[in-house]
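The following exercises practise the reading of a protein fold from its structure. Each task is followed by a solution that proceeds step by step.

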Amino acid sequence: FNFKERMVKVEKAKKAPVRLWVRGRFVGFRRGKSVTHENQALLTLEGVKTTDETNYYLGKRVAYVYKAHTLKKNTKYRAVWGKVIKAHGGNGVVRAKFRKNLPPRAMGGPVRIMLYPQHDQNENSFFLLLRHP
């Protein structure tokens, strides 16, 4: 072994992998006193505490990843994809719509909020205009 080659290998090993998603949790469905809207899921995002902080995540894609018993496409892992559509209340909770409604057993489970699609500042202000006053 050349000492310089060994140092390069050690430096590469120390580098942490890049995570392009934010941790979130599925806390329930949007609901009123007697009606539950299963087509809109409520998500809490890690590090997000106010409505203003949720504006960055509007339009971002969300994945609920789960493990099934049977193999499909050489994997047991599957995902239900959705999109962040709106803030919910003032505590940093967001609403998301998924292609297929999330199952109730997913409540309390983790979701991944992908950091794409990326919007520029002008496009993000467009999402702010969509919010109701």
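Helices and strands are here DSSP runs, of at least four residues for a helix and at least two for a strand, numbered from the N terminus. The model is predicted.

**Exercise 1. Describe the order of helices and strands along the chain.**

Solution. Step one is to list the elements: the chain contains three helices and six strands. Step two is to read them along the sequence, which gives the pattern α-β-β-α-β-β-β-β-α. Step three is to place individual residues in this scheme. Threonine 51 belongs to helix α2, which covers residues 51–54. Leucine 58 is found in the loop between α2 and β3, and proline 117 in the loop between β6 and α3 (121–130).

**Exercise 2. Determine which strands pair with β3, and in which sense.**

Solution. Begin with strand β4 (residues 75–88): eight bridges connect it to strand β3 (residues 61–72), and the two run antiparallel. One bridge pair is formed by tyrosine 64 and valine 80 in β4. Next, consider strand β6 (residues 110–114), which pairs with β3 over two bridges, also in the antiparallel sense. Here valine 62 stands opposite isoleucine 113 of β6.

**Exercise 3. Examine the turn between β3 and β4 and decide whether lysine 73 and asparagine 74 are buried or exposed.**

Solution. First, identify the motif: β3 and β4 form a hairpin with two residues between them. Lysine 73 lies in the loop between these strands, and so does asparagine 74. Second, inspect the backbone. Phi of lysine 73 is positive, near 55°, although the residue is not glycine. Asparagine 74, likewise not a glycine, has a positive phi of about 60°. Third, apply the cut-off for exposed residues, which is over 50% relative accessible area. Lysine 73 has a relative accessible area of 82% and is therefore exposed. Asparagine 74 has 76%, so it too is exposed.

**Exercise 4. Explain why threonine 51 and leucine 58 count as buried, and describe their surroundings.**

Solution. The cut-off for a buried residue is under 20% relative accessible area. Threonine 51 is buried because its value is 16%. A polar atom of its side chain lies 3.0 Å from the backbone oxygen of glycine 89. Leucine 58 is buried because its relative accessibility is 4%. Its C-alpha atom is separated by 9.8 Å from that of proline 117, although the two residues are 59 apart along the chain. Proline 117 is itself joined to tyrosine 116 by a cis peptide bond, with omega of about 0°.

**Exercise 5. State which residues have the most contacts inside the largest nonpolar core, and which strands supply this core.**

Solution. The largest nonpolar core has 20 residues, and those with the most contacts inside it are Phe26, Leu43 and Phe98. At least two residues of this core come from each of β1 (21–31), β2 (36–45), β3, β4, β5 (93–98) and β6. Now take leucine 43 as an example. Leaving aside residues up to four places away in sequence, leucine 43 touches several residues, including Phe26, Val62, Val94 and Val111.

Finally, consider the chain as a whole. Of its 133 residues, 31% are buried. Among contacts between residues at least 6 apart in sequence, 59% join residues at least 24 apart. The accessible surface comes to about 9900 Å², and 54% of it belongs to carbon and sulfur atoms.

Definitions and conventions. Residues are numbered from 1 along each chain as its sequence is written. This is a predicted model: local features need pLDDT of at least 70, side-chain atom pairs count only at pLDDT 80 or more; totals for chains, interfaces and linings use all residues. Side-chain values use heavy atoms; hydrogens and water are left out. Buried means under 20% relative accessible area, exposed over 50%, partly exposed in between (1.4 Å probe, protein chains only). A polar contact is a pair of N or O atoms within 3.5 Å; within protein, one must be able to donate a hydrogen and the other to accept it, and residues adjacent in sequence count only if both atoms are side-chain atoms. Contact means heavy atoms within 4.5 Å. Accessible areas come from the Shrake-Rupley method with a 1.4 Å probe; for residues, only the protein chains shown count as cover. Two strands pair if DSSP finds at least two bridges between them. A nonpolar core is a set of buried Ala, Val, Leu, Ile, Met, Phe, Trp, Tyr and Cys residues joined through side-chain atoms within 4.5 Å.
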